[in-house]
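Here is a friendly walk through one model, from its sheets to its largest pocket and on to a helix and a few single residues. Keep the structure open beside the text as you read.

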Amino acid sequence: MACKISGPGLSSTGVVVKIFTVNCNLLPKSHPCGSQYRGTAQWVKNNKGGICVSELKVVKLRCEYKDKPLGLDVKSPRISWQIQAVGRGVMQTAYRIQVRCDGKDYDSALWDSGKVESDQSVHVPYQGPALKPRTRYYYRVKVWDNRGKESDWSGEAFWETGIMGPDGWKARWITPDIEMDPAKDEPCPMLRKSFKLRSGIKRARAYATSLGLYELYINGQRVGDWLLTPGWTSYRKRLQYQAYDVTPMLAEGENAIGAILGDGWYKGRLAWEKNRNIYGDRVALLVQLHVTYEDGSEDLVISDESWKSSQGPILLSEIYDGEIYDARLEKAGWNRVGFDDGDWAGVKTLEYPFDILVAQENVPVRRIQEIKPVEILKTPAGETVIDMGQNMVGWVKFAVTGKAGDEVVLKHAEVLDKDGNFYTANIRTAKQTIHYILKGGGKEVFEPHFTFQGFRYVKVEKYPGKLSLDNFTGVVIHSDMEPTGDFECSNELINKLQHNILWGQKGNFVDVPTDCPQRDERLGWTGDAQVFIRTACFNMNVAPFFTKWLRDLEADQLPNGAVPHVVPNVLGKDAAGSAAWADAAAICPWTIYICYGDRGLLEERYESMKAWVEYIRKQGDNEYLWNTGFHFGDWLGLDAHEGSYVGATARDFIATAFYAYSTSILVKTARVLGKKDEEKEYSELYHKILENFRREFVTPNGRLAVSTQTAHVLALMFDLVEEKDKERTVEELVKLLKERKYHLTTGFVGTPYLCHVLTRYGKNDVAYKLVTQTDFPSWLYQVTKGATTVWEHWDGIKEDGTFWSADMNSFNHYAYGSIGDWL
């Protein structure tokens, strides 16, 4: 485009513009562009009658995937950009990057790459002098193209460094000096401090983290809009901190800073065994506020023994169970100047390491959108239920008026039972309940703090006054990933399936890739993540999301190389090492590389990938077959024996197939990274695995010894059968599908690859038959049953309206949404 549009109908200079498409093939050669551009191009016409054209432009500057990031700890940040050009076939041939320090100009640039002959426009590393902590760096880019054109300099962008190491922390870990019972749900403590500042404030940055979750306030205002901070990491080895620009929130003279702490993943209830205090039994806060003045001097406000603490209105706020909030216990003005905290308790300092602190890596969790409910239902059982119209993740914001002591009690569920009654058996012991006690005196609006629910239906057990849909709003939260891909076709059921896939990603990408967002689980299952990652990359920019999660995977990887079933690992060291789950260590980094060209992530994860392959190598009866240990197998495959969750495909077949696949990825990774000796070593290993696989699982005449859909899919997808046997294997797969009247029996392992294999081997018509089926089992069966997200089971709701089971039946489970990649 010729002009950057900064508002509806306005150019960046305020000139009214009209965007239209020009067919350059029709331009006369006398036209300035008629002799050099073919195809179509977007032009912009302004209200002065002129046409603005920028033939080559650098746009969308990013640093470590982020737009103007604050608080980076990366020593050599990587810069990326896009180019816009008039015409088709325009390719970058060279670039130049300049970086300057805050307060300097580009004539005295800190780093100037000079003109670099390269088409690289992503992840170009900064190569200047060492960066200083808490410093802003500005940068700009220009490029040259294959027509010999040189762009103007791009607009300016920046990144700002964070603390950059444990030595930069002067604050102390503080915890409320209040009696607590770690074995029970606890009220959320409040902490505060008053402080004075001089005049002439130039800028201020707050750096904060917690053991548990935190909300930070300055002078009565919430700091930032990030939710569930500091996020969920492998807390014993890695803990994120966040950086905030708080300059406009501060004033000369008296100021106040405060925080509320929640149990969160750190010490709250996690997993189905009702485990608590997995990482620790006390919440704590760490805050460091740097205030810089116009004269260059600085004041430092830190968490230390001078803070005060108290309990407040949040009596419980747990991820699984919801929140209890008694508004009568609010302490008005507690986070403002002038509040009397004379009766508040003190705080105690905790000894906790600083060397595990890392700057925010993932994109933050935020309120992303709001949806209005569609209906108030009266169920046959007499329940009052609000239908949001969409299975969503977040919470309900509500308004209520009543007297002090009146209550609002809301419970959350995904589905109604076959009779139309509110159904919560599938969320097991998770309470998913919001309990609000009014303070009285007027309209009150409430949103919870350190919890989230997975739900479509809200049962209103208590609510004073008349119930109105206008008083309820669904707040959708998830990691704030940039949308990058759309899919739409002429089949409305398929479009609905894509909608469900996208909403499954939204609901389960809340800082970690979880299996489900509603029951007493919500864990980072590695198998679910690896089967869905390629689809996720299409829908949104998930590179920062998975970069952070893969660092936790390596942090939790066992010394012998085994990868846990869930990351972060809260199930213990014995819950590790399953084929297709632990292979996330290889599959996920490679997929991010394929989608985003992120060679740096491959470099980071290479030793983890290698350790995983070496772990497998030591498991089998010989080093080329994997026929020992626990494996989930083709989880939830429809060819499972009665009473089993595991499909019929032999587990040693699946394990050896993924052994070969992860080894092949390791070979390719070694090649990308220029590790020639290791490429050769693992290439030899890979071919020996193939030889042994074929000897063990393929007959001399080329028939697979395991006659399941999933076995044939894996053998073809991973190129495990010889070329001469592929046709027979394909035909056998089609035969197996025909026997089921073109319906699948695959589970978590086979489903992601099924249609890819059919299309690759010339059976696209069969793939279409599978995808467009509407009866059970199929992707569209769920759609015809009213699903608004993807289900855990093909028949989560059966034809007669009954449920598959109560113990494991999520209606927001993205694994089978992996068909989105094929779409």
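Two strands pair if DSSP finds at least two bridges between them, and the strands themselves (E, at least two residues), like the helices (H or I, at least four), are DSSP runs numbered from the N terminus. This is a predicted model, where local features need pLDDT of at least 70, side-chain atom pairs count only at pLDDT 80 or more, and totals for chains, interfaces and linings use all residues. Residues are numbered from 1 along each chain as its sequence is written, and side-chain values use heavy atoms, with hydrogens and water left out.

**Sheets**

Let us begin with an open, antiparallel sheet of five strands, ordered β19-β18-β21-β16-β24. Its edges are β19 (221–222) and β24 (308–311); each has a single partner strand, so one side of each is left without a neighbour in the sheet. Within this sheet, β16 (residues 189–197) pairs with β21 (residues 253–262) in the antiparallel sense over eight bridges. Lys196 stands opposite Glu254 in β21.

Another open sheet has three strands in the order β6-β8-β12, again with antiparallel pairing. Here β6 and β12 (124–125) take the edges, each with a single partner strand, so one side of each has no neighbour in the sheet. Two bridges join β8 to β12, and Ile79 has Val124 of β12 as its bridge partner.

Strand β37 (residues 453–462) is also worth a look: eight of its ten residues are buried, meaning under 20% relative accessible area, with exposed set at over 50% and partly exposed in between (1.4 Å probe, protein chains only). The table gives two of its pairings.

| Strand pairing with β37 | Bridges | A bridge pair |
|---|---|---|
| β31 (residues 384–402), antiparallel | six bridges | Gly394 with Gln453 |
| β32 (residues 407–413), antiparallel | five bridges | Ala413 with Tyr457 |

**The largest pocket**

A pocket is found on a 1 Å grid over the protein atoms alone, as an open set of points where a 1.4 Å probe fits, with protein on both sides within 12 Å along at least five of seven lines; lining residues have an atom within 4 Å of a point. Grid points are joined across faces, edges and corners, and a volume is the space filled by probe spheres set on the points. The largest pocket has a volume of about 980 Å³. Its lining comprises 40 residues, and Arg62, Tyr65, Lys66, Asp67 and Val363 lie nearest the centre. Among the elements giving two or more residues to this lining are β6 (56–63), β8 (78–85), α3 (526–539) and α5 (584–596).

**A helix and some single residues**

Helix α4 (residues 543–556) has 14 residues, and its end C-alpha atoms are 20 Å apart, in agreement with the expected 20 Å, a span taken as 1.5 Å times one less than the number of residues. Twelve of the 14 residues in α4 are buried, so the rest of the structure largely encloses this helix. Phe545, Phe546 and Trp549 are among those buried residues.

Is Cys188 buried or exposed? At 2% relative accessibility, Cys188 counts as buried, whereas Cys489 is partly exposed at 25%. The whole structure has zero disulfides, a disulfide being a pair of cysteine sulfur atoms within 2.5 Å. For Cys489, the closest cysteine sulfur is that of Cys755, 13 Å away and too far for a bond.

Finally, Arg428 lies in the loop between β34 (422–423) and β35 (433–437) and is partly exposed, with a relative accessible area of 27%. Arg428 and Asn809 are 381 residues apart in sequence, yet 9.8 Å apart in space, C-alpha to C-alpha.
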